[in-house]
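Grab a pencil and work through these exercises with the model open beside you. Try each task before you read its solution.

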Amino acid sequence: MKILTTNYITCAVKACKTSSNAFPLQFRDAELVQEELELNEEFIKNILPRIEWPALVQTAASLGFTTLPSTKPEGDLDEQMIKDLHTLLVETQVISGKLVCGNCQHEYNIHQGIANFLLPNHLV
Amino acid sequence: MADTTNLNDDSAQGPLGTETYEAEHVHQVYQEIAPHFSATRFKPWPIVEKFLKEMPTGSIGLDVGCGNGKYLTVNPNIYMIGSDRSSNLVQIAYDRKIHDSCVADGLSLPHPDGKLDFAISIAVIHHFSSPERRAEAIKAILATLNKQGRALIYVWALEQKNSRRGWDEGHNQDVWVPWVLSKQYTSKPNGGKGKKGNEQAEQAPKDASAQQGLANDDAETPNTEEAPKEAPKEVVYQRYYHLYRKGELETDIAAAGGVVLESGYEKDNWWAICGPK
């Protein structure tokens, strides 16, 4: 799971959708990999307004990326910031670990890069 | 060919309109046929391709029921999260190494409400086995979209008299459609763990007509690397479909609380572009 994806993922349990505790889901035992991908500056510039920044800062910090500014960068992004965001958002993946809901505590497994959000019957 | 007309099988299964039913007649089947199914899915449908290519750079959206992920590669300037109920199909989508993919249920999508720019759901909603579940599946997709967000939905049409199956107005809309898995794709002797239509009689859906013969004709023309036409001891799986009649997709979208912006018919399918109210 790429870090950009985490900004658009929450708990699959319906009752958690409206809870602020459920977003973002929290990583546990996360193992990371980085894969070099071609930088698409316009893409990074255009997704920035769509990012929920505090959630990204929280997710990034939990994975050891502590250099993000605490507020979303405004105006023209400098080259380094674009590169850093590219590296964090699309080049970095959680290859194994768990995603945990802060509301219901349900754990979703990530195995070989693929998160599984299927719910056990009692949570559907 | 499969004998699917035997109604005497009392094997435990949920009735139409339940997840248990779909688990047996949709989910398990796609798990078993994933590699073979994927090999017949490589060409993006033109309207879907156009919809994705017109998205502005940096748009973020979903492919609900992404299957083998063939639409993930259409536009590298947007970001898509593909999801599917079948982990075997998601594995194929993930291995494309573009965008992202995960395993999820269409009725319990793991996305926050109101944030995404677009969604596609191609040949998926027709696998839900009641009008309520189909509307709920559309509602779940619409819920993920922001106010300007747009979803493109494709379903198989009842009206396809020029197709090999020849279904048309007046035909039963709830059907089983066979998938003949060639032997080269069966990983274990005698195929997978799923039910095998040619060895085991199955109960046809209530009020449904099971189809015989003409298997896999929802598949695209195979490329040259495809399976040989005649494979010995092939295994037949039956997938449940609800065939949409004219206007029914629009009705389901309205029932889901959505607004239809554009709709049409293309090659045996009904499609609609819709958004939240």
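**Exercise 1. Find the bridge partner of B:Ser121 in β5(B).**

Solution. Step 1: look across from B:Ser121 into β5(B), and you land on B:Ile153. Strands here are DSSP E runs of at least two residues and helices are H or I runs of at least four, numbered from the N terminus. Step 2: do it again with B:Leu116, which stands opposite B:Leu145 in β5(B). Step 3: zoom out to the strands. β4 (residues 116-122) of chain B and β5(B) run parallel, joined by 6 bridges; two strands pair if DSSP finds at least two bridges between them.

A word on the ground rules: this is a predicted model, where local features need pLDDT of at least 70 and side-chain atom pairs count only at pLDDT 80 or more, while totals for chains, interfaces and linings use all residues. Residues are numbered from 1 along each chain as its sequence is written, chains are lettered from A and ligands numbered from 1 in the order in which they are written, and side-chain values use heavy atoms, leaving out hydrogens and water.

**Exercise 2. Work out which strand pairs with β5(B) in the antiparallel sense.**

Solution. Step 1: start from B:Val155, whose bridge partner in β10(B) is B:Trp270. Step 2: so much for one pair; β10 (residues 269-276) of chain B pairs with β5(B) over 6 bridges, in the antiparallel sense. Step 3: check how covered β5 (residues 145-156) of chain B is: 9 of its 12 residues are buried (under 20% relative accessible area; exposed is over 50%, partly exposed in between, with a 1.4 Å probe and protein chains only).

**Exercise 3. Write down the strand order of the open sheet in chain B.**

Solution. Step 1: list the 7 strands: β3-β2-β1-β4-β5-β10-β9, with mixed pairing. Step 2: mark the edges, β3 (100-103) and β9 (258-266) of chain B, each pairing on one side only.

**Exercise 4. Is B:Ser86 buried or exposed, and which residues does it touch?**

Solution. Step 1: locate B:Ser86 in the loop between β2 (79-84) and α3 (87-94) of chain B. Step 2: B:Ser86 counts as buried because its relative accessibility is 2%. Step 3: leaving aside residues up to four places away in sequence, B:Ser86 touches B:Tyr30 and B:Gln31 (contact means heavy atoms within 4.5 Å).
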